[in-house]
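Biologist: I'd like a close look at one part of this model, with some words on the chain around it. Could you walk me through it in one go?

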Amino acid sequence: GEAERASLRAKGLTQQLLTFSRGGAPIKKVVDVVALLRETASFACRGTAVALDIRPTAGPIYAEVDEGQIGQVINNIALNAVQAMPAGGTLTVAADVVTFDEVNPHTLPAGRFARLTLADTGTGIPPELIARVFDPYFTTKQQGSGLGLAISDSIVSRHGGHLGVRSRLGAGAEFE
């Protein structure tokens, strides 16, 4: 069992390294991102002390994305949240649609975007580290590679989006 888990972790790390190193251009199709968010976050929380709070939406939200890559982003963020709450807590996930004008805080083109939000009740990210969370190989974990959030940021950028984080020490973190 241990050998199987170790090989699965190695496989996951290898896939992340390959995505990061070659650029991993997304192969897009229309996907219900609400269903993807629910399924992936549920899987990440299964068997942990973390409760999953899925905020309702008015229905499905369809977006043209690479389902595997966006699933990897959700999984990376959800796993970080679970690890930030070893004694338990809550991971709240939500999805909605936002419309940006030409001038917006994320410097995205004008248009409609699916917004996925994952917020935890963990320890939060110290202010002096928040600017580094998307840097490759930056980690505060003993077992971490420092690639999860860097790859997630790269994937979201290649999809024409923006990955942002807000956090207050002792009050958790929110990724959008």
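Biologist: Is K141 buried, exposed or partly exposed?

Modeller: Keep in mind that this is a predicted model. K141 has a relative accessible area of 34%, so it counts as partly exposed, since that class runs between the 20% cut-off for buried and the 50% cut-off for exposed. As for where it sits, K141 belongs to the loop between helix 4 (127-130) and helix 5 (148-158). Once residues up to four places away in sequence are set aside, K141 touches N80 and Q83. Take Q83: 58 residues separate it from K141 in sequence, yet the C-alpha to C-alpha distance is 9.1 Å.

That pairing has company across the chain. Looking at contacts between residues at least 6 apart in sequence, 75% join residues at least 24 apart.

Now for a contrasting spot, D120. This residue is found in strand 5 (residues 111-120). Its relative accessibility is just 10%, so D120 counts as buried, the cut-off being under 20%. The D120 side chain has a polar partner too: it reaches the backbone nitrogen of G122 at 2.8 Å. Beyond its neighbours within four places in sequence, D120 is in contact with A81, M85, T90 and L91 on the one hand, and with A171, G172 and A173 on the other.

Zooming out, the protein chain has 5 helices and 7 strands. Read from the N terminus, the order is α-β-α-β-β-α-β-β-α-α-β-β. The radius of gyration is 16 Å, close to the 16 Å that the globule rule gives for 176 residues, so the chain is as compact as a globular protein of that length. If you want box dimensions, the C-alpha trace spans about 45 × 35 × 35 Å along its principal axes.

On burial, 37% of the 176 residues count as buried, and D120 is one of the buried residues. The accessible surface comes to about 10,100 Å², with 54% of that belonging to carbon and sulfur atoms.

Last, the charges. The chain carries 16 positive and 17 negative side chains, and the centres of those two sets lie 4 Å apart. Lys counts as positive and Asp as negative in that tally. To come back to your spot: K141 is a partly exposed residue in the loop between helix 4 and helix 5, with N80 and Q83 as its contacts beyond four places in sequence.

Definitions and conventions
Residues numbered from 1 in each chain as written. Predicted model: local features only at pLDDT ≥ 70, side-chain atom pairs only at ≥ 80, totals over all residues. Heavy atoms only, no water. Helix = DSSP H or I, 4+ residues; strand = E, 2+ residues; numbered from the N terminus. Rg over C-alpha atoms; globule rule 2.2 N^0.38 Å. Buried < 20%, exposed > 50% of the residue type's maximum accessible area, 1.4 Å probe, protein only. Contact = heavy atoms within 4.5 Å. Areas by Shrake-Rupley, 256 points an atom, 1.4 Å probe, with all protein chains shown as cover. Charge placed at Lys NZ, Arg CZ, Asp CG, Glu CD. Polar contact = N/O pair within 3.5 Å; in protein donor to acceptor, adjacent residues only side chain to side chain.
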